[in-house]
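Biologist: Could you take me through this model, beginning with its ligand and then turning to one of its helices?

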Amino acid sequence: MKLALYSGTFDPITKGHREIIKRASKMCDTLVVAVLNNSAKKTLFSLEERKEMVEEVLKDIENIEVVEHSGLLANYMNEIGCKYIIRGLRAVVDYEYELSLAYGNYDVSNGEIETVFIPASKEYLYVSSSVVRELALYKGKLDNYLDDFVIEKIKKRFEE
Ligand code: COA
């Protein structure tokens with residue numbers, strides 16, 4: 001693939017996201033990582049903060065471009081000429097949700113946009129941003145799930 005896209009809310013970015021993005025980056029010339037302003041989710045971090053963390057955590061992957069976006073993903077993809085969405089698949093619970101996103105994007109783009117799934121590694125099967133937010137709130141151990149830069153940010157946020 002020449003151009004592909006991985007999008008998410010990244011509130012915050014986890015090692016699980018990073019693992020999928022790293023593997024996806026090997027499948028294409030350029031991987032756009034879109035940090036979304038998702039109106040359905042009330043986030044712990046602002047869009048700018050989430051983007052800053054994403055850029056920091058992915059800074060050693062060369063063929064990545066981090067952007068922020070709000071609105072329909074398919075419209076943005078049409079603007080940049082991208083036809084492939086990469087998503088990670090973790091446990092079975094992801095399947096139905098991911099299927100609805102994949103079909104939604106396929107339909108809204110008149111069959112132009114395909115979704116490619118990468119199975120998450122065993123150690124990240126049950127990692128999610130809300131799990132790490134809860135761990136941080138109760139001062140749990142975070143280094144299995146988050147990069148140091150993100151750990152500092154989330155600890156600080158819960159001290160404020
Ligand atoms: N590692 C760790 N966590 C992962 C993960 C991985 N590999 N893959 C998914 N997750 C988690 C996230 O941490 C998040 O956890 P949380 O809900 O506990 O916070 C959850 O899975 C879903 O995260 P994400 O991948 O960011 O998806 P989302 O549901 O927040 O948003 C969008 C999905 C942003 C891609 C989708 O809503 C979208 O495209 N929106 C734009 C509007 C649009 O076009 N809508 C029509 C779609 S058909």
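Biologist: Which of the 24 residues around the ligand come nearest?

Modeller: This is a predicted model, in which local features need pLDDT of at least 70 and side-chain atom pairs count only at pLDDT 80 or more, while totals for chains, interfaces and linings use all residues. Residues are numbered from 1 along each chain as its sequence is written, and side-chain values use heavy atoms, with hydrogens and water left out. A residue counts as near the ligand if one of its heavy atoms lies within 4 Å of it. Of the 24 such residues, those that come nearest are Thr 9, Lys 41, Tyr 97, Ser 129 and Ser 130.

Biologist: How far is an oxygen atom of the ligand from an N or O atom in the side chain of Ser 130?

Modeller: Polar contacts here are pairs of N or O atoms within 3.5 Å. An oxygen atom of the ligand is 3.1 Å from an N or O atom in the side chain of Arg 87, and for the side chain of Ser 130 the value is 2.2 Å.

Biologist: Where do the buried residues of H3 lie around the axis?

Modeller: Helix H3 (a DSSP run of H or I, at least four residues) spans residues 73-80, and its buried residues (under 20% relative accessible area, 1.4 Å probe, protein chains only) are Leu 73, Ala 74, Tyr 76 and Met 77. Because they cover an arc of only 160 degrees, taken from the directions from the helix axis to the C-beta atoms, they lie on the same side of H3.

Biologist: Which residues are exposed on the other side of H3?

Modeller: Exposed means over 50% relative accessible area. On the other side of H3, the exposed residues are Asn 78 and Glu 79.

Technical notes: Helix = DSSP H or I, 4+ residues; strand = E, 2+ residues; numbered from the N terminus. Polar contact = N/O pair within 3.5 Å; in protein donor to acceptor, adjacent residues only side chain to side chain.
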